Amino acid sequence: MYKDIAYPESEEDVLITDNKPLSVTAAGNYKAQNTPVTLMERPGKREDYQIYYVADGLIHYFDEYDQEFLLDKGHLLIIRPGEKEKCVLHAEEQPEAYWVRFTGRDADNLLERYQFSKGTNVYYIGTSSDYQWIFGQMIRELQLMRDNYEEMLTLDLRQLFLISSRYLQERNRVGETILDEVEEAARYFSENYTKPISVEDYARERGITANWLTQNFRKITKYTPLQYIIRLRMTYAKNLIDNTKCTVEQIAAAVGYDNPLYFSRLFKKHTGMTTSEYKKRTQHAGSREYVPLQYTINMRKFEILNQNGVISDTTK
């Protein structure tokens, strides 16, 4: 069993009672490897909340009536104060789970606000890499305990609830299959936008049509896949202009275009300025701190799309 665990307290099994609005008290990552069977139990007398997210494989969950639920990748399990919990991990099923414990006087209302109502413990919230990133952040914050770490933890937890709730809302609106395909496409585009990308080839590899992908991608994000890719490239191009001395040719190649003139036309249409005009304006306004685009995309991929207007150009 691989474990990456963080507790701010000296005793791992301390029962938490907290008068704060919200407080994260522990977090971790379990990955079954060598141990054939691992049993995780929680006594019913605990007064805090615990969440499990299944990142891979299969987890066997038994509720307080000993009813078994098979939780595969993308499922979220919420255990509330006073509820018993038993999870069984079989190494042959290659399970991996992230978890977090929290407490606070606003915790119950917060769960209700984000559609995690009492009476339901298991939810499917999708397989976005954002979830594992957030859990990883909480583990690091608890391990390092840097300045303001408690506030960072509550922000991370709220973000977890927010992203999960958004998935549930969008799934109800468009369906689980469509939402999962769009999220997977957005992830692929955000990780590969600096390379030549063919939406048609991508759709074919996924076993769907380009028209189906375009229609449903627009339904959720308000943009077509091609518009999304262009926005990613133009955002990266602006970062390179702001923070490097690269030529137009170098920037075009860095963001996925082998034709600098084509790139320049797209850039002007997107920003309303040529690259040289943009450079002069940003120099006049003062240098800005560089934010790695990959982080921005991973954690804000749909929020990026809500900035400025629609770009109707297509990639090559």
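**View 1. Strands E5 and E6 form a hairpin with five residues between them.** In the turn, aspartate 66 has a positive phi of about 65°. Strands here are DSSP runs (E, at least two residues), and helices are DSSP runs too (H or I, at least four), with numbering from the N terminus. This is a predicted model, in which local features need pLDDT of at least 70, side-chain atom pairs count only at pLDDT 80 or more, and totals for chains, interfaces and linings use all residues. Residues are numbered from 1 along each chain as its sequence is written, and side-chain values use heavy atoms, with hydrogens and water left out. Strand E5 covers residues 58-62 and pairs with E6 in the antiparallel sense over five bridges; two strands pair if DSSP finds at least two bridges between them. To find one of these bridges, start at tyrosine 61 and look for its partner in E6, phenylalanine 69.

**View 2. Four strands make an open sheet in the order E3-E8-E5-E6.** The pairing in this sheet is antiparallel. Strand E3 (37-42) and strand E6 (68-72) are the edge strands, each pairing on one side only. From one strand to the next, the twist averages 20°. Angles like this run from 0 to 180 degrees between N-to-C directions, and axes are lines fitted to C-alpha atoms, for helices over the stretch in contact.

**View 3. Strand E8 (residues 85-90) is joined to E3 by six bridges.** E3 and E8 run antiparallel, and methionine 40 has cysteine 87 in E8 as its bridge partner. E8 also pairs with E5, again in the antiparallel sense, over three bridges. Here you can spot phenylalanine 62 standing opposite lysine 86 in E8.

**View 4. Helix H3 (residues 149-174) has 26 residues.** At 1.5 Å a residue, H3 should span 38 Å, and its end C-alpha atoms are 37 Å apart, which agrees. The expected span is 1.5 Å times one less than the number of residues in the helix. Just after H3 comes glycine 175, whose phi is positive, near 100°.

**View 5. Helices H3 and H4 pack at an angle of about 120°, with their axes 7 Å apart.** That makes H3 oblique to H4: angles under 35 degrees count as roughly parallel, over 145 as roughly antiparallel, 65 to 115 as roughly perpendicular and the rest as oblique. Tyr167, Glu170, Arg171 and Val174 of H3 meet Glu176, Ile178, Leu179, Asp180 and Glu183 of H4, where contact means heavy atoms within 4.5 Å. These residues divide into four nonpolar, no polar and five charged. Ala, Val, Leu, Ile, Met, Phe, Trp, Tyr, Cys and Pro count as nonpolar, Asp, Glu, Lys and Arg as charged, and the others, Gly among them, as polar.

**View 6. Helix H4 (residues 176-192) packs against helix H6 (residues 210-221) at an angle of about 90°.** The axes are 10 Å apart, and the two helices are therefore roughly perpendicular to each other. On the H4 side, the contact includes Ile178, Val182 and Phe189, while Trp212, Leu213 and Phe217 are among the residues from H6. By class, this contact has 10 nonpolar, two polar and one charged residues.

**View 7. The protein averages a pLDDT of 84.** pLDDT is the predictor's confidence in each residue, from 0 to 100, and 84% of the residues score at least 70. Among the elements, strand E7 (residues 75-79) has the highest mean pLDDT (96) and helix H11 (residues 293-304) the lowest (37).
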